[in-house]
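Student: I have a model open and would like to learn how to read it. Could you take me through a few features, one at a time?

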Amino acid sequence: MSSEKVRNTVSFVFMCVFGLIMIYPLLWLFTASFKTNEEIFGSLSLLPSHFNWDGYINGWKGSGQYSFGLYFLNTFKLVIPTVFFTVVSSTIVAYGFARFTFPFKNVLFSLMISTLMLPNAVVIIPKYIMFKNFDWLNSYLPFIIPAALATHAFFIFMLVQFFRGLPRELDESAKMDGCNSFMILVRILLPLSKPALISAGIFQFIWTWNDFFNSLIYITSVKKFTVALGLRMALDNSTSVAWNQVLAMSVIAIIPCILVFFFCQKYFVEGIATTGIKG
């Protein structure tokens, strides 16, 4: 056997072992959702001795007057507008930074990038006070309105890098055909920016879907709880926790993120690659 075949075999075995280690927690999460509490904590076996579907049935019903169906609906009401407005507003701002020249452009861009260095814990109190004065608490407006105003500097920077990699000759050709700035963005740049836009949408979808801290701060009514808050509410310390129900709802909660990623994986990988190379 040649040395190249040996290296390929070793690399393949290593990747298989590493992949199994990475996916094992998800496998355990799925199989443990079919176990009872006694088997979860009393057995090291990955597969359950008897598949118990009560975790999914009772878990979906919820522990109070609201089911997990409502929590999922609330989460979609929060996530979809947030993702849409984030992509739209970030695209417009990134287009301005990448293609136009205006006073204090570099200063404003530097200030925008500097906001990435601020941890959420530093700004959470001023944001809470501001949203309270706006009477936005216990609603989804603290998530949707900032997204519409392009407050996510990470996505603006990512799209700026992508727009800078697109030849300016495209803009000049479009201007010769009578296109204005808005038409250039919509008809020329956006079709070419599909990978970057989908990448930004995937990032924002997963981050907003999994967000627990901000939802806990701004949402107080159980009727408006998201999936993350619903899962936490299921861990009632006053009674024994039915862990198979919590794990079952956790499995269902990660399905939308997995589906979004795998259906858009081609554009996601392409978008990350191009925003990293160009610019």
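Tutor: Gladly! Keep in mind that this is a predicted model. We can begin with a helix pair: the crossing of H4 and H8 is right-handed.

Student: At what angle do H4 and H8 pack, and how far apart are their axes?

Tutor: The angle is about 50°, and the axes of H4 and H8 (residues 153-164) lie 8 Å apart. That makes H4 oblique to H8, because angles from 35 up to 65 degrees fall outside the parallel and perpendicular classes.

Student: Which residues of H4 and H8 meet?

Tutor: On the H4 side they include Thr-86, Ser-90, Val-93, Ala-94, Phe-97 and Arg-99, and on the H8 side Phe-155, Ile-156, Leu-159, Val-160, Phe-163 and Arg-164. By class, the contact of H4 with H8 has 10 nonpolar, 3 polar and 2 charged residues.

Student: Is there a general idea for reading such lists of positions?

Tutor: Yes: an α-helix has 3.6 residues a turn, so residues three or four places apart point the same way.

Student: Let us turn to H7. Which of its residues are buried?

Tutor: In H7, which runs over residues 141-148, the buried ones are Pro-142, Phe-143, Ile-144, Pro-146 and Ala-147. Their cover includes helix H4 (68-99), helix H6 (120-133) and helix H12 (213-218). Just past the end of H7, Ala-150 has a positive phi of about 55°.

Student: Why does Phe-143 count as buried?

Tutor: Buried means under 20% relative accessible area. Phe-143 is at 10% relative accessibility, so this residue of H7 counts as buried.

Student: What does Phe-143 touch, leaving out residues up to four places away in sequence?

Tutor: Phe-143 touches Leu-78, Thr-82, Asp-211, Asn-214, Ser-215, Tyr-218 and Ile-219. You can also look at the backbone: the C-alpha atoms of Phe-143 and Thr-208 are 8.7 Å apart, with their positions 65 residues apart along the chain.

Student: Now the whole chain. How many helices and strands are there?

Tutor: The chain has 15 helices and 0 strands. Its radius of gyration is 24 Å, well over the 19 Å that the globule rule gives for 279 residues, so the chain is more spread out than a compact globule. The C-alpha trace spans about 70 × 70 × 35 Å along its principal axes.

Student: And what share of the chain's residues is buried?

Tutor: Buried residues are 37% of the 279. As for contacts with a separation of 6 or more, 74% join residues 24 or more positions apart.

Note on methods. Residues numbered from 1 in each chain as written. Predicted model: local features only at pLDDT ≥ 70, side-chain atom pairs only at ≥ 80, totals over all residues. Heavy atoms only, no water. Buried < 20%, exposed > 50% of the residue type's maximum accessible area, 1.4 Å probe, protein only. Helix = DSSP H or I, 4+ residues; strand = E, 2+ residues; numbered from the N terminus. Contact = heavy atoms within 4.5 Å. Axes fitted to C-alpha atoms, helices over the stretch in contact; angles between N-to-C directions. Parallel < 35°, antiparallel > 145°, perpendicular 65-115°, else oblique. Left-handed = near helix turned anticlockwise from the far one by under 90°. Nonpolar A, V, L, I, M, F, W, Y, C, P; charged D, E, K, R; others polar. Rg over C-alpha atoms; globule rule 2.2 N^0.38 Å.
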